[in-house]
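Q: I'd like a close look at one part of this model, taken slowly and with the neighbours included. Could you walk me through it?

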Amino acid sequence: MKKDLLIIVRGGGDLATGIIYRLKKAGFDALVLETTKPAAIRRQVSFCEAVYTGNWKVEDMEAVRIEKPEDCFRVFEEGKIPVLIDPEGTAIKTLKPDIVVDAIIAKRNLGTTIDMAPMTVAVGPGFEAGKDVTCVVESMRGHNLGRIFWEGCALPDTKTPGNIGGYTKERVIHAAAEGMVEATKEIGDWVEPGDVMGYIVNGEERTPILATIPGFIRGLIREGYQVTKGFKIADIDPRSGEWKNCFTISDKSRSIGGSVLEVVSGYARL
């Protein structure tokens with residue numbers, strides 16, 4: 001099996017991180033392409049945080065921000081994950097990877113095409129297998145989570161988060177106003193309904209970010225991030241005995257990661 005494949009993953013959020021983690025554990029290296037200001041809320045388990053900090057560790061794996069595409073090979077040799085600011089994906093043309101994975105999870109295609117690499121994989125809705133990319137991996141919780149489609153599409157976005165501890169849309173918090181996020185709580189803190197998790201600051205106005213359900217703050221957008229009204233900014237896990245979940249890769253992410261690993265492993269045998 002060829003393990004010296006060059007894989008480029010577009011996106012470094014929590015679902016993308018699960019993919020990258022499983023690829024790395026199986027012996028495959030991947031370069032991560034990110035935006036200048038990633039908006040992940042599950043920051044503790046997102047390699048994209050390296051954009052802000054220079055390096056970021058998720059579980060036992062470390063990501064390192066690099067400045068140019070060619071730097072990825074040095075980071076591979078160090079056993080780490082390279083993260084490059086490249087929202088347009090120009091490194092794909094430069095490096096000519098064997099596989100491109102779109103794990104941006106934008107629920108729509110932001111520019112990935114089937115001819116970017118010999119094998120192209122997309123996660124979630126917004127792509128048609130065989131047309132936009134080679135194959136699509138289902139991202140919606142349920143019976144088909146992680147299913148690989150070589151024809152057709154993943155299920156469309158329902159705009160309703162998956163059920164965790166009996167809660168769906170209640171556990172995800174969106175910005176009630178436009179402005180800059182100022183946090184007063186941290187990921188891992190326990191909150192009760194109505195607790196102030198922070199504020200959205202816009203001039204003299206300070207709109208509180210209120211907890212909607214009891215639980216641990218599993219995700220909270222980076223302080224200082226400029227948001228628009230309706231932007232997803234936080235996620236609460238209602239399971240009282242699951243504090244560690246705030247700091248480990250999720251079951252959903254690992255499931256999707258296993259499916260992408262299946263595709264990559266099959267390609268590596270060719």
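Please start with Phe216: is it buried or exposed, and what surrounds it?

A: Happy to. This is a predicted model, so please read every value below as computed from it. Phe216 has a relative accessibility of 11%, and because the cut-off for buried is under 20%, Phe216 counts as buried.

The strand that carries this residue tells a similar story. Phe216 lies in strand E17, which covers residues 215–220. Six of the six residues of E17 are buried, so the strand is largely enclosed by the rest of the structure.

Now for the strands that pair with E17. Strand E14, residues 190–191, pairs with E17 in the antiparallel sense, over two bridges. In this pairing Trp190 stands opposite Phe216. Strand E19, residues 232–237, also runs antiparallel to E17, and four bridges join them. Here Gly219 of E17 faces a partner in E19, standing opposite Asp235.

Back to Trp190, since its ring matters here too. With 34% relative accessibility, Trp190 counts as partly exposed, because partly exposed covers the range between under 20% and over 50%.

The rings themselves come next. The structure holds four aromatic pairs. One of them is formed by Phe73 and Phe76: the ring centres are 6.1 Å apart and the planes stand at 80°, so this pair is edge-to-face. Both residues lie in helix H3, residues 72–77, and they are three residues apart, about one turn of the helix. Phe73 is partly exposed at 39% relative accessibility, while Phe76 is buried at 12%.

Trp190 and Phe216 also form an aromatic pair, again edge-to-face, with 4.9 Å from centre to centre and 85° between the planes. This pair links distant parts of the chain, with Trp190 in strand E14 and Phe216 in strand E17, 26 residues apart. So the residue you asked about is buried at 11%, sits in a strand that is largely enclosed, stands opposite Trp190 in the strand pairing, and meets the ring of Trp190 edge-to-face.

Two further ring contacts may interest you while you have the model open. The charged end of Arg206 sits over the ring of Tyr199, 4.5 Å from its centre. Arg222, in turn, lies over the face of Tyr52, at 4.3 Å from the ring centre.

Technical notes: Residues numbered from 1 in each chain as written. Predicted model: local features only at pLDDT ≥ 70, side-chain atom pairs only at ≥ 80, totals over all residues. Heavy atoms only, no water. Buried < 20%, exposed > 50% of the residue type's maximum accessible area, 1.4 Å probe, protein only. Pairing = 2+ DSSP bridges. Phe/Tyr/Trp six-rings, centres within 6.5 Å; stacked < 30°, edge-to-face > 60°. Lys NZ or Arg CZ within 6 Å of the ring centre and 35° of its normal.
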